[in-house]
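Colleague: Got a minute to go through this one with me? I'd like to start with the empty space inside.
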Amino acid sequence: MGRIPRDYLVNRLVTLVLTVLIAATIIWIIPRLSPVDPAEIALGRMAAGAGSVANSEEILAQLRANMGIDQPLIVQYLKYISGALVFDFGLSTAAFPTPVSTLILNALPWTMGLMILSLLITFFIGNLLGALMVWDRSPKLVKVAIPAAMVFTSIPPILSGLLLMWIFAAKLQWFPLTGAYSIFVEPGWTWEFVKSVLHHGFLPALSIVVVTFGFWALGMRGLMIGVQGEDYVKLAEAKGLRPRYILYRYMIRNAILPQITAFALKIGLLIAGQVLVERIFAYNGMGKLLYDAILNQDFPVIQGVSYVIILITALSVFLVDLLYPFIDPRIRHEANA
Amino acid sequence: MSTANMTRAERRQARRIRRFDNPWLNPKLIWGAGLLLSIIFIGIVGRFLWNLDLVFTGSSPLKLPPLGFENLRGQPGVMAHPIGTDGGGRDMLAMIIIGAPNTLFVGLLASLIGMSIGIFLGFSAGFLGGRIDDTIRVGADVMITIPPLLILVVFQSAFGDVTLTMMALLIAGFVWQSPTRLIRAQVLSMKQSGYVQMAQLSGASTTHIMFREMMPNLVPYLFGSFIASVTTSIVTAVGLEVLGLGPQRIPTLGRTIYEAINAGALIQNLWWWWGIPTLLLGVIFIGLLLINLGLDEVSNPRLRRLS
């Protein structure tokens, strides 16, 4: 990594650390401003389960001690931050006594798998279509059909998810309605299980793809218009290179680079959108975990999930920033960029 | 040349040229604005023409389909509830009349506040430079990475019920970053331009330069950025509502979808319950997209030739 100037690296690192620290702090402060007392919620849950609770004062005090909310705020804060560094968010209150980190570790692979898959597909399709829209040799159909189809890509994935779910799961019953795998197969690395996972993952992934490829296509279209007039494209044409070769090697290669930065900026919205898709499909990922936690007022889990997703977002932005000059050698890192 | 003795193609071309004389009158912008205005229109006219008491739970029969359809129990749609009723016995039309403008309201209010903050900070950063610029730039960079939905999920689950205005204010805290960055970049490049330096030399005050000289040139960018933040705000608000975290007692499109999913409307084939709010949200988002594309053509003339 010798090519990255130290100033730039320090600058990006400071931004990364600040982002995560500020987000973690906000997440920590908010529940403490609220009039709701988590110990009373826990007691209420006990009372609801048992009918009545004796010695409620002592139980409350003990619960507060267990949750660590009887200590001075600064101690609580430092404990929380040092815990967050090692992904220790305490125990879930709804699924007591499972640690929050275990719940998140179980949900994370599903979310990441779905996200990486759908991102790769939409990035590929979106950029290709965007390029074809500008290319003068692409078929007429492409130039008419894509802009028309793209109107629908302004819609958030949750709406397309509902629509696809209704058509393909409820009406046609080609795909299962909810869940990440069938309850009749044993989880494991068997063909049956993988097939079930793919079958269940198709609709959630599709609902993200249909509404996000337009973002890339639009961006690519703008960039291709810029590249189209460049001298090196004219030169390539004058040399008599095959048009397809010019499209891929001269135009797309040069136009696609700013798209990668757009990717970094978009990733936060994408993850948030996916969380909602997972919620409506009851997919076993972070979205469902978050939704269940909201229903049960399970604060440690809500905090943990939010923290981890923000961390993933900040890390991907950081990585794209660092990798960018390796992808595009024309860009030099500037300390103030 | 008079219009009478032109061929059809010539007339079409003349029309196209005239259209481009005023970039603000491009069809995308008009269509987009029309879609949004129609939502507002439904909200205003509906209040006069429709009985809004039907929005209360149990005020109507349960799960009636829209006119011309039959539900699973074989009940046909009735004139009293032209687009059906939901599982709680509420009239869908009344819910739409109240809920759809609410959704737009949250988006517009949040972005108005966000934009004002963005304009202020962006100008300050670009114009004053130095320490202030550093602070604002790092602040915007940091905040732009944090997905608003997740912070707001924490907030609203801690505080319980919120009002529409409260939700808009919370969202506004997350839509000032991109306008700030955009305006800062534009101001930095404009500062070098001739007319700004001219104004400086002739002793114009900082506020005069900011608002009289620079601001008019920023208008297309500001509009574009505003529309983008309206979209983000509505997406965030709908996200919160679909998670069951928005206002609990006021009908919103997102909350209607939340209730429909929870009641299993998809399996019970109650498509109008979730479908109508989904459709309206779709109209809102498509309208916003068209406005944004139209504004792009205003600020970037190179795009005009292609369409």
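Colleague: How does the lining of the largest cavity divide into nonpolar, polar and charged residues?

Modeller: You get 7 nonpolar and 3 polar residues, with no charged ones in that lining. Keep in mind that this is a predicted model.

Colleague: Which residues line the largest cavity?

Modeller: From chain A there are A:Gly268, A:Leu269, A:Ala272, A:Gly273 and A:Leu276. From chain B you have B:Pro147, B:Pro148, B:Leu149, B:Val235 and B:Thr236. As for elements, those giving two or more residues are helix H11 (257–280) of chain A, plus helix H5 (148–159) and helix H9 (206–242) of chain B.

Colleague: Which element gives the most to that lining?

Modeller: H11(A), with 5 residues.

Colleague: OK, and how much space lies in the largest cavity?

Modeller: About 70 Å³. The search over the whole structure turns up 3 cavities of 30 Å³ or more.

Colleague: Let's stay with H5 of chain B for a second. Is B:Ser157 buried or exposed?

Modeller: B:Ser157, which is found in helix H5 of chain B, is buried because its relative accessible area is 6%, and the cut-off for buried is under 20%.

Colleague: What does the side chain of B:Ser157 reach?

Modeller: The backbone oxygen of B:Val153, at 2.5 Å.

Colleague: And chain B overall, how many helices and strands does it have?

Modeller: 11 helices and 0 strands, so to speak an unbroken run of α from the N terminus on. The C-alpha trace of chain B spans about 75 × 70 × 30 Å along its principal axes. Of the 307 residues in chain B, 53% are buried.

Colleague: Switching to pockets. How much space lies in the second largest one?

Modeller: About 1,100 Å³. Its lining has 32 residues, and those nearest the centre are A:Met67, A:Gly68, A:Ile69, A:Phe89 and A:Pro300.

Colleague: Which elements give two or more residues there?

Modeller: They're in chain A: helix H1 (6–33), helix H2 (38–50), helix H3 (56–67), helix H4 (73–85) and helix H13 (299–327).

Colleague: And how does that pocket's lining divide into nonpolar, polar and charged?

Modeller: For the second largest pocket it's 17 nonpolar, 10 polar and 5 charged.

Colleague: Backbone next. What is phi of A:Gln173 near?

Modeller: Near 55°, a positive value in a residue that isn't glycine. Most residues other than glycine have a negative phi.

Colleague: Where does A:Gln173 lie?

Modeller: In the loop between helix H7 (157–171) and helix H8 (191–228) of chain A. A:Gln173 counts as exposed because its relative accessibility is 60%, against a cut-off of over 50%.

Colleague: What about phi of A:Ala282?

Modeller: Also a positive value in a residue other than glycine, near 50°. A:Ala282 is found in the loop between H11 and helix H12 (286–295) of chain A. With 21% relative accessibility, A:Ala282 counts as partly exposed.

Colleague: Last topic, aromatics. How many aromatic pairs does the structure hold?

Modeller: 13 over all chains. Ring pairs link A:Trp28, A:Tyr77 and A:Tyr80 into a cluster.

Colleague: And which ring does the charged end of A:Arg279 sit over?

Modeller: The ring of A:Tyr291, with the charged end 3.8 Å from the ring's centre.

How values were computed:
Residues are numbered from 1 along each chain as its sequence is written. Chains are lettered from A and ligands numbered from 1 in the order in which they are written. This is a predicted model: local features need pLDDT of at least 70, side-chain atom pairs count only at pLDDT 80 or more; totals for chains, interfaces and linings use all residues. Side-chain values use heavy atoms; hydrogens and water are left out. Rings of Phe, Tyr and Trp (its six-membered ring) pair if their centres lie within 6.5 Å; planes under 30 degrees apart count as stacked, over 60 as edge-to-face and the rest as tilted. A charge sits over a ring if NZ of Lys or CZ of Arg is within 6 Å of the ring centre and within 35 degrees of the ring normal. On a 1 Å grid over the protein atoms alone, a cavity is a set of points where a 1.4 Å probe fits but cannot get out, and a pocket is an open set with protein on both sides within 12 Å along at least five of seven lines; lining residues have an atom within 4 Å of a point. Grid points are joined across faces, edges and corners, and a volume is the space filled by probe spheres set on the points. Helices (H or I, at least four residues) and strands (E, at least two) are DSSP runs, numbered from the N terminus. Ala, Val, Leu, Ile, Met, Phe, Trp, Tyr, Cys and Pro count as nonpolar, Asp, Glu, Lys and Arg as charged, and the others, Gly among them, as polar. Buried means under 20% relative accessible area, exposed over 50%, partly exposed in between (1.4 Å probe, protein chains only). A polar contact is a pair of N or O atoms within 3.5 Å; within protein, one must be able to donate a hydrogen and the other to accept it, and residues adjacent in sequence count only if both atoms are side-chain atoms.
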